[in-house]
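Me: I am new to reading structures and would like a close look at a single part of this one. Could you walk me through one helix and the partners it packs against?

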Amino acid sequence: MRVITAFIAITTGVLILGGYFFPALADVQTLLLNWAIILAGAAALVGIFNLISVHTDKIRRGEKGSTYSALLVIGLVATFTIGILLRPQHSAMQIVLSGIIIPAEAALMGVLTISLLYAAIRLLRRRTDMMGIVFLVTAALLFLGSATMRSGDIPLIGTLIRPWVSQILALGGARGILIGVALGTLTTGIRVLFGVDRPYGGQ
Amino acid sequence: MTFSPDLIIGVISFIFTILIFSYLIGDNPLFRIAVYLFVGVSAGYVAAIAVWQVLIPRLGYPLWFGSLNEKIFAAVPLLGVLFIFMKASSRLSGVARMTMAFLVGAGAAVILAGAVIGTLIPQVEATINFFDLNAAASRNIGFMEAIGNGSIVLAGTIFSLVYFHFGASPKADGSMRRPKVIEIIAWVGRIFIGITLGAIFAGVYAAALTALIERISSLINFFKLFGNF
């Protein structure tokens with residue numbers, strides 16, 4: 001089984017990767033990516049089924065917070081049933097999207113304002129080293145610089161410092177982080193394609 | 001009495017906003033009710049989308065209405081879907097490994113190509129382009145400004161990358177330390193990373209503040225709407 005799974009992973013990876021560089025493999029790449037999209041959709045359903053089973057287990061055992069789990073399962077099953085029966089474009093599903101999902105996301109994002117402010121204050125109190133100070137001073141400068149007064153941008157901070165810090169100084173660090181992430185991704189991808197890492201099972 | 005969808009949306013979103021904002025006075029049952037319901041409803045919505053926008057058009061239609069060729073090509077992912085559903089059973093989950101191997105192989109290839117074509121090459125090119133004096137001149141940027149800005153971005157990129165170099169050699173006292181030059185460059189890199197993270201923090205904070213203002217505005221509008229009744 002280990003050899004078969006490694007063979008499937010490596011062959012799939014090489015064929016899809018080959019499609020980016022050899023036009024002859026483009027059709028094979030499209031077909032394999034279509035299969036991958038279908039399987040990813042099925043995997044998402046399995047993940048959601050797992051979420052239901054975890055919470056139904058909590059309800060069955062009467063664990064602490066099982067009432068919340070019951071609400072989660074009821075919400076999930078009800079939305080899924082309505083979605084399957086009426087399709088996602090139906091007005092009932094639009095009510096779910098615009099009445100629950102989007103406002104809840106926006107409200108959670110709004111709560112983040114207070115959490116982030118609190119985290120920044122804690123950082124200033126607990127870690128007053130060079131990195132912490134640079135971090136907070138930059139954040140404060142950029143935030144102040146993006147504020148607009150009645151007369152326009154704040155002189156100097158809004159017109160000169162903010163663009164220079166965000167477009168030159170921060171850009172350098174961002175590029176370093178992005179290139180570092182890309183190199184890490186590249187290494188991980190190559191390890192999977194060479195069969196060194198097998199996250200699908202097997203040593 | 002009929003309720004318009006807008007009114008229903010307004011009432012539900014008002015309730016959810018209030019429940020979630022109750023977190024500002026501390027973690028409480030109302031906040032938890034809202035969050036658990038939100039997670040359940042979102043998961044149900046995603047599942048419905050996965051069925052109607054992925055599984056039915058890409059797998060269902062070819063199997064039911066496609067030509068013989070399309071049916072044969074759809075049979076392979078159908079087998080994969082059946083295998084992956086076996087993951088739900090602890091006894092049969094081993095069979096799902098083959099499908100997982102396929103997904104991991106496909107994912108590795110896509111992220112590998114994405115990292116090279118989508119990040120590495122464009123980022124390196126963009127860093128080089130800072131030194132393109134003709135392009136700078138066409139944007140009314142002087143020679144010194146172009147070279148100066150380009151050098152700072154280049155230095156920031158290299159120093160930040162060096163910060164993530166953790167190769168160290170053992171010292172006489174047995175401790176592991178990076179070479180002195182690397183230590184100094186990494187220290188400067190830390191400053192650049194601090195500035196970048198500060199800029200990201202400011203961006204995220206501005207976005208969060210915008211969402212907060214939008215929610216408060218929707219609450220006010222809701223009260224105004226009921227004030228008119």
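Reply: Happy to help: what follows looks at helix α2 of chain A, first beside a neighbour in its own chain and then beside a helix of chain B.

Please keep in mind that this is a predicted model. It scores ipTM 0.87 and pTM 0.85. For chain B the mean pLDDT is 90, and 98% of the residues reach 70 or more. Within chain B, helix α2 (residues 29–65) has the highest mean pLDDT of the elements, 95, while strand β1 (residues 169–170) has the lowest, 76. Where pLDDT is low, the predicted coordinates should not be read in detail.

Now find helix α2 of chain A, which covers residues 26–61. Its partner in the chain is helix α3, residues 66–86, and the two pack with their axes 8 Å apart, at an angle of about 140°. Antiparallel would need an angle over 145 degrees, so α2(A) is oblique to α3(A). Their crossing is left-handed. On the α2(A) side, the contact is made by I52(A), H55(A), T56(A), K58(A) and I59(A). From α3(A) come S66(A), S69(A), A70(A), L72(A), V73(A) and L76(A). Sorted by class, the residues of this contact are six nonpolar, four polar and one charged.

Next, turn to the other chain. The axes of α2(A) and α2(B) come within 9 Å and cross at roughly 150°. Because that angle is over 145 degrees, α2(A) is roughly antiparallel to α2(B). Here, too, the crossing is left-handed. Chain A brings N34(A), I37(A), I38(A), G41(A), A42(A), A44(A), L45(A), I48(A) and L51(A) to this contact. Facing them from α2(B) are A43(B), V46(B), A47(B), A50(B), V54(B), L55(B), R58(B) and L59(B). The classes here are 14 nonpolar, two polar and one charged.

This pair of helices belongs to a wider contact between the chains, which takes 99 residues from chain A and 99 residues from chain B. On the chain A side, α2 is one of the elements that give two or more residues, along with α1 (2–21), α3, α4 (91–126), α5 (130–145) and α6 (157–193). The one that gives the most is α6(A), with 22 residues. By class, the side of chain A that touches chain B has 74 nonpolar, 23 polar and two charged residues.

Finally, step back to chain A as a whole. Its domain assignment gives domain 1 (1–86) and domain 2 (127–203). Taken over C-alpha atoms, the centres of these domains are 31 Å apart. Seven residues from domain 1 and seven residues from domain 2 make the contact between them. The domain 1 side has four nonpolar, two polar and one charged residues.

Methods. Residues are numbered from 1 along each chain as its sequence is written. Chains are lettered from A and ligands numbered from 1 in the order in which they are written. This is a predicted model: local features need pLDDT of at least 70, side-chain atom pairs count only at pLDDT 80 or more; totals for chains, interfaces and linings use all residues. Axes are lines fitted to C-alpha atoms, for helices over the stretch in contact, and angles run from 0 to 180 degrees between N-to-C directions. Helices (H or I, at least four residues) and strands (E, at least two) are DSSP runs, numbered from the N terminus. Angles under 35 degrees count as roughly parallel, over 145 as roughly antiparallel, 65 to 115 as roughly perpendicular and the rest as oblique. A crossing is left-handed if the near helix is turned anticlockwise from the far one by less than a right angle, and right-handed if clockwise. Two residues are in contact if their C-beta atoms, placed from the backbone, lie within 7 Å. Ala, Val, Leu, Ile, Met, Phe, Trp, Tyr, Cys and Pro count as nonpolar, Asp, Glu, Lys and Arg as charged, and the others, Gly among them, as polar. Domain bounds come from an automatic or database domain assignment. pLDDT is the predictor's confidence in each residue, from 0 to 100.
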